[in-house]
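Here are my notes on this structure, set out as numbered points. They are meant for someone who has not looked at the model before.

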Amino acid sequence: MTGIYKTGTIALDNNSSIVIGTGTLFQTVANAREGDLFTLDGNTLYEIYQVDTETQLRIRNLVTGTKYQGESVSGVNYAIVRNFAASADAQIASDVVSLQQRWHEREREMTQWFASEANYHQITDIKGDKVLVITPTGLNNLVDGPVDIEDFGLISAVESQSLDLNDFPPGIFYTRALAIAHQPTDFGDGVKLVVTNKSDEIFYQKIVEISTAKARYRIANAVENADKWQILGGDGDVFPPADHLHSWESITDKPETFPSEPHSHSWDSVTNKPDQATRWPSFSEVTGMVSKNQLPPVSSKVNSVFDAIADTELGVGELVETVSYFGDFADQNKAYGGNVYLKISGQSNDQDLCQYVYTDDGNTLVALFPDGVVKPEQAGAKPKTSFNSGDAISVANAVATALRYPLIFEGQDYDCGNKSFQINVYRTRWEGTNGMGTYLKWNAVPENGYAVQLYGEDVYEQNDRMSKSVFKGINIVGASKNNEYDADAVQLSGNTSATKLSCCALEKVNIRGFKITFRYHDYCWKIHLTNCRTIGGCIETPPEAWNGAYDMGECMVIRDCFLADTSGKTSYFRRGEWKIIGTSFNNHPIEVLGGCIWTMMGSHIENPLNNSLTTKFLTVKGYAKAVLRDTWVTTNNRALIEPPLISEVPDDKTGGLFLDNVTWNMNNVYNPRGNGYDHQYIVGGSGRCGAKGMNYLGFQTYWAQPIAEWTNMLGNGGFEQGDTSGWSIRIIDTSGGDNASCDLIAEATEDVPRGGSYVGKFTANYGGSGGVQGGELYQGVPCKGGDLVTGGVYLKNDWDASDNAGLFQVIIYFFDASGNRIDFPDQYGNTISSYVPARYQTHVEDWAYRQIGVIAPKGAARVEVCVQVLTNTATPTSINAWVDNFHVEVQEYM
């Protein structure tokens, strides 16, 4: 006993010193001795003064020295505590030796357990308790067919104190050495092994009498109905009696001769096989995989696996190490595909020339992969483009999946032919480790329409097994630019619930030569693309129709990637939640559809090498929502004539396209207005959109652009309501009287052609008495300091405003929260009371366009935009100005 012993239970009568144990080993395991402490409750301590047997000892009160004075008890727990203070040095030394002896005994028991041909073997656990543990042989006998011990762990039975089989909990237990209620009538009072499985629908119990190997089972819908025991295999024919021997003379029907040398039998030559047996068990089913430090010394070392195949001097059970797979060192920079193999008897495993390799003498080499990884060269691949390694990579992938090892590509170039690879990332992963990059190259369209398909398993509670970089450091290469294969480079998930892919990353993956770079299937969520690069090809996602059962699109991330030149194709994001972070989309059109939520942050959009003047960067449709945040948008100084951003999300949806702190770099060559748009809109279409914190590079040298038709803050800016609602008139008269007057009407466009149905006609009337007379047509909208006021207006007049013959101009005023007009500095530092983006001193016979762009000064709360028309003695009595498509918006500073 190393400290505390409490196995079994005890009985103790009032006014008695004798403790009677049940299931105890006071002498051999507890090693109890005089002076040790005994307690029932941890509070009252007794001194052991005599140990009689394994089940009896004597105690007295530690303080008074009297007998036990408590209530009589039976079947209760207890504890014996070693009293080291009462031990002499010699005794302590003796205890250490005893501990070492028990440890060696336990090592001996474990060795016997592993080699035992019995179904159960008794082992002493670390506390000194005897535990009946099922052996590897017992596992094979307990279920139909071979069992891999790695699938179950170490199955063991512990002793149950219950005296009724109906009360046994689910699990594997062994009984005390006595008769148990509800046991089969022909069972005695020896130890029994009990396996119980029960639920609300079924009760199943199996019992084996260890001393006789009798086996029985009972099954019913509930324990109370399980009153009949069925014979399982007949008495004695399932498990042999424990610890028995047969003399040579007692064996009957012995053969007269025996083979003189080691030999093997094919499966077909074996007679009287069990009906359920179809083959010899595999090496891993019997042994399990072993680590490098478990291997015995290598018996020989050869250049190639083919040398090992031909080595007839290598004995069964010996190890051989290969330097490479083919042994063609002269054709390689270094040896590839080396491994360690164990030679086993026979050829019962299917040969794959990787994990299992048949030898010339009728045996099998079993690859042990001592580095804990599988390499394609160990299946016969070569890292060179003149050698088709497709089949070998498929075999290596299957072996890596079976062993749950990663598949590691150490070479630079692999010719994959036209193979398609399915990778179960729940059980393996692929990684290229070559310093110059690992390239998997296809010389034809992949046979199944994809180069690689990454899939997982429907294991929601265990998807942490996929939480890793499942595909890393690998370049996928197809056809040349603009001649890409009509196939997918990477498919994500197998498009079924059983092959669900989640919680994993693809890292440093480069793709070129495929029309589809990444195809996201249904049953695919929380996938990260990190540091990936694509040239040619685009991204595809499942159809827009959403079904929650498909489990697609949660928390998808594309981070630090460079996705360029789709050869005119568009990437579609139809469902899910997408975060695009630190990523460049170059010459890569994007559409966000359906109910997709798509956010680009700290990223970059441009169109290098694309000479189209109408290219589309990003289009949002349906009820999707796309946000560009802290992102740079540029055309590399090309003169686009249409907005590169489009929103078609209707007003009754909450989606749309929104720009937040976007840097816009179009310079003065940007000209959608010259291609039928009313203004230099950034966003085309008629859908919902908005912007704040816009950063216009070159703002001092060109006008900032308005966002979209949808963002116009003026009411009835184009007078298309057929009236003048939304507009106000302010009279200006410097004559000292009330002589001036103004009129505003919505005039039909057939009289003054411009577009649409109506334009605004603003008339200023001179009433005499000198001075300047007329007015201002205006609207006001709220703003705050630092906001950007932008927009534009179309104008014309019917008089010559030269030589101060009246005034015709567009004016912007700012007011504070109290309604006071604010003076503010212009871009040159001069203090001004108004901003005049347009002043005409000529006859504007044809429609002229004026763009607006100014930053609201500090303290501003309202901005007014005005068209001012003034008459004087040098003009006709009445002058007219026409106004149409007046657009003003306030883009928030932050």
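1. In this predicted model, Gln 422 has Gln 453 of strand 27 as its bridge partner. Strand 24 and strand 27, the latter covering residues 450-455, are paired in the parallel sense, and four bridges connect them.

2. These two strands belong to an open sheet of five strands, with the order 24-27-30-33-36 and parallel pairing. Strand 24 (421-424) and strand 36 (538-540) are at the edges; each has a single partner strand, so one side of each lacks a neighbour in the sheet. On average, neighbouring strands of this sheet are turned by 25 degrees against each other, direction ignored.

3. Gln 491 lies in strand 30, which spans residues 485-492. Is Gln 491 buried or exposed? Its relative accessible area is 9%, which is under the 20% limit, so Gln 491 counts as buried. The side chain of Gln 491 makes a polar contact of 2.8 Å with the side chain of Asp 488. Beyond its neighbours within four places in sequence, Gln 491 is in contact with Gly 449, Tyr 450, Val 452, Gln 453, Leu 454, Arg 519 and His 521. Gln 453 in that list is the residue already named as the bridge partner of Gln 422.

4. One aromatic cluster is formed by Phe 409, Tyr 414, Phe 421, Trp 430, Trp 442, Phe 471, Tyr 485 and Phe 514. Phe 421 falls within strand 24 (421-424), and Tyr 485 within strand 30 (residues 485-492).

5. How many aromatic pairs does the structure hold? There are 27 of them. In the case of Trp 799 and Phe 808, the ring centres are 5.7 Å apart and the planes stand at 50 degrees, so this pair is classed as tilted. Trp 799 and Phe 808 are both buried.

6. A second open sheet to look at also has five strands, in the order 17-18-19-21-20, but its pairing is mixed. Strand 17 (300-302) and strand 20 (356-358) stand at its edges with a single partner strand each, so each has one side without a neighbour in the sheet. The average turn between neighbouring strands of this sheet is 30 degrees, direction ignored.

7. At one edge of that sheet, strand 20 runs antiparallel to strand 21 (residues 364-367), and three bridges join the two. Val 357 has Leu 365 in strand 21 as its bridge partner.

8. Strand 56 (residues 758-765) is mostly covered, with seven of its eight residues buried. Which strands pair with strand 56? Strand 55 (residues 741-748) runs antiparallel to strand 56 and is joined to it by eight bridges; here Asp 743 has Thr 763 as its bridge partner. Strand 65 (residues 878-891) is also paired with strand 56 in the antiparallel sense, over six bridges, and Gly 760 stands opposite Val 883 in strand 65.

9. Some totals for the protein follow. There are six helices and 65 strands. Of the 894 residues, 49% count as buried. The accessible surface comes to about 41200 Å², and 48% of this belongs to carbon and sulfur atoms. Among contacts between residues at least 6 apart in sequence, 64% join residues at least 24 apart.

Conventions:
Residues are numbered from 1 along each chain as its sequence is written. This is a predicted model: local features need pLDDT of at least 70, side-chain atom pairs count only at pLDDT 80 or more; totals for chains, interfaces and linings use all residues. Side-chain values use heavy atoms; hydrogens and water are left out. Buried means under 20% relative accessible area, exposed over 50%, partly exposed in between (1.4 Å probe, protein chains only). A polar contact is a pair of N or O atoms within 3.5 Å; within protein, one must be able to donate a hydrogen and the other to accept it, and residues adjacent in sequence count only if both atoms are side-chain atoms. Contact means heavy atoms within 4.5 Å. Two strands pair if DSSP finds at least two bridges between them. Axes are lines fitted to C-alpha atoms, for helices over the stretch in contact, and angles run from 0 to 180 degrees between N-to-C directions. Accessible areas come from the Shrake-Rupley method with a 1.4 Å probe; for residues, only the protein chains shown count as cover. Rings of Phe, Tyr and Trp (its six-membered ring) pair if their centres lie within 6.5 Å; planes under 30 degrees apart count as stacked, over 60 as edge-to-face and the rest as tilted.
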